[in-house]
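Visitor: I'd like to learn how to read a few features of a model like this one. Could you take me through them one at a time?

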Amino acid sequence: MKINFIGATQDVTGSMTFLETTTGRFLIDSGLYQGISSVTQKNILPIPFNPKDINAIFLTHAHLDHSGFIPRLIKLGFRGKIFCTKPTMKLATVIINDSAQILENSENHPLKNFYTVEDASIVTSLFKAVDFDKPFSYMGLTVTFSHAGHILGASSIHISEGDKSIVFSGDLGRQDDVLLPPPKSCPPANVVVMESTYGDKVRHVDLEKEMKSFLNKVKSESRVAIVASFAVARAQMLITMIHKYFQENPSEAIPLFIDGPMMVKANKIYREYASQTKSPDELSFALEEVDIIEHTRQWESLRKKKGPLLIITSSGMVTGGRIWRYLENWQDDSNALLFLPGYQGVGTPGKALSEGKHNIQNEEGKIIHWSGEVLTSQSFSSHADQSELVEWLKDVSKDTKIFLNHGEAQSKEKLKKLLLQMGFTNCFIAESSFIEI
Ligand SMILES: [Zn+2]
């Protein structure tokens, strides 16, 4: 077995690892680089393999930075199988189609026509659904997907050939996630490839307390609150938490709306697979009850409303999507509130707003001057922190080769240092080069 780290070696996007065995060539994830233009430009660098030679992709989860490069591989001739869990298959279909539409239709996009809606539609025909915790054989390999928490369908993947074995963590979730069970610990293996997004941080958060104080503020100060959310996972988590709080505290309830076509599609998939979450009834009830803004008429009546009012809309980093019409509508209202409950990438309008800037510009050049308050929070992330990453390794022997990827340099360095201190003797930072297992 040989591996080569192709993406997510220097940052947290563009996940892609090449695996060569005696029987074939495979990829674990194939994601887009996302962020400022110097990062997105990495998507157009030459890839060190011929997509036609790849037999299969093992996809850990649906996020675009793990799945969004697959249509590009299709465009370049890839026609192998794509193994993933059923919820990942459905969520990835929504995410990849949305990405293809943006790349095909946005005039000024730096990756315009990188792939098309037609390329994305071929992805769907290559999916092969697998069950959690059920090993299967493919081209001489034994492969097992197990729960990684993080988002619906997310998996870690164990691959073995003869007496060699390797585990890819994928993105790992939190031990006490609102919706998803904790990740299943890493099984013993010769090699482990582990994400390290929060490899340098321990995050003790009381999500319910934070949410309660936000909702109380909106209610008591009669605010119009616009919540910028990722359409998949974050939105479903926020809707469930808010709905639960209003159910338990009816006198605190305020009107809640969601707006975003991708969010609505993701809600449907979360409802379909609610049994894979920790709170199937609460989740289903919340997603069923929430008011959706679908037609111009509903938007016209909503835009005249006064607070208290809650609107969850995308995109999470204010780079585009429906949120722009809300910001435009309430931009002169100093009592309006923008809540950014997630990571804001460098160079995004969300980052600018979180740093106190008021003038923001979207990809089409539209400028908005936001007069209202901006609240931020890092607590709602669905990534394991440093202690949870270490916890995931509890069943792994200390001489296992561990490669850290998917993290900023500082996160990887700090996590590596900690693992060495704990007695893990073979800990490395992933780099783009072939490694024999
Ligand atoms: Zn992810």
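Visitor: Let's start with helix packing. At what angle do the axes of helix α4 and helix α5 cross?

Guide: Keep in mind that this is a predicted model. For a helix pair, look at how close the axes come and at the angle between their N-to-C directions. Here α4 (residues 86-105) and α5 (residues 117-126) have axes that come within 8 Å and cross at roughly 165°. Angles over 145 degrees count as roughly antiparallel, so that is how α4 runs relative to α5. The crossing of the two helices, α4 and α5, is right-handed.

Visitor: Which residues of α4 and α5 meet?

Guide: On the α4 side you'll find T93, I96, N97, A100, Q101 and E104; their partners in α5 are V117, D119, A120, V123 and T124. Sorted by class, this contact of α4 with α5 has 5 nonpolar, 4 polar and 2 charged residues.

Visitor: Now the loop between α4 and α5. What is the phi of N113 there, and is N113 buried or exposed?

Guide: For phi, check the sign and whether the residue is a glycine. N113, in the loop between α4 and α5, is not a glycine, yet its phi is positive, near 60°. For burial, count C-beta neighbours: 12 or fewer inside 10 Å is exposed, 20 or more is buried. N113 has 11, so it counts as exposed.

Visitor: And how does V318 read by those tests, buried or exposed?

Guide: V318 also has a positive phi, about 60°, without being a glycine. V318 sits in the loop between β15 and α11. But with 27 C-beta neighbours inside 10 Å, V318 counts as buried.

Visitor: Which residues does a cis peptide bond join?

Guide: Omega is the angle to look at. One cis bond joins G307 and P308, with omega about 0°; P308 belongs to the loop between α10 (296-302) and β15 (309-313). Another joins S314 and S315, where omega is about 20°. S315 is in the loop between β15 and α11 (323-330), and V318 lies in that loop too.

Visitor: Zooming out, which domains does the assignment give?

Guide: Check first whether a domain is one stretch of chain or more. The assignment gives domain 1 as 2-201 + 382-436, and domain 2 as 207-376. Their C-alpha centres are 29 Å apart. Domain 1 puts 19 residues into the contact and domain 2 puts in 23. On the domain 1 side, the residues split into 12 nonpolar, 5 polar and 2 charged.

Terms used
Residues numbered from 1 in each chain as written. Predicted model: local features only at pLDDT ≥ 70, side-chain atom pairs only at ≥ 80, totals over all residues. Axes fitted to C-alpha atoms, helices over the stretch in contact; angles between N-to-C directions. Helix = DSSP H or I, 4+ residues; strand = E, 2+ residues; numbered from the N terminus. Parallel < 35°, antiparallel > 145°, perpendicular 65-115°, else oblique. Left-handed = near helix turned anticlockwise from the far one by under 90°. Contact = placed C-beta atoms within 7 Å. Nonpolar A, V, L, I, M, F, W, Y, C, P; charged D, E, K, R; others polar. Domains from an automatic or database assignment.
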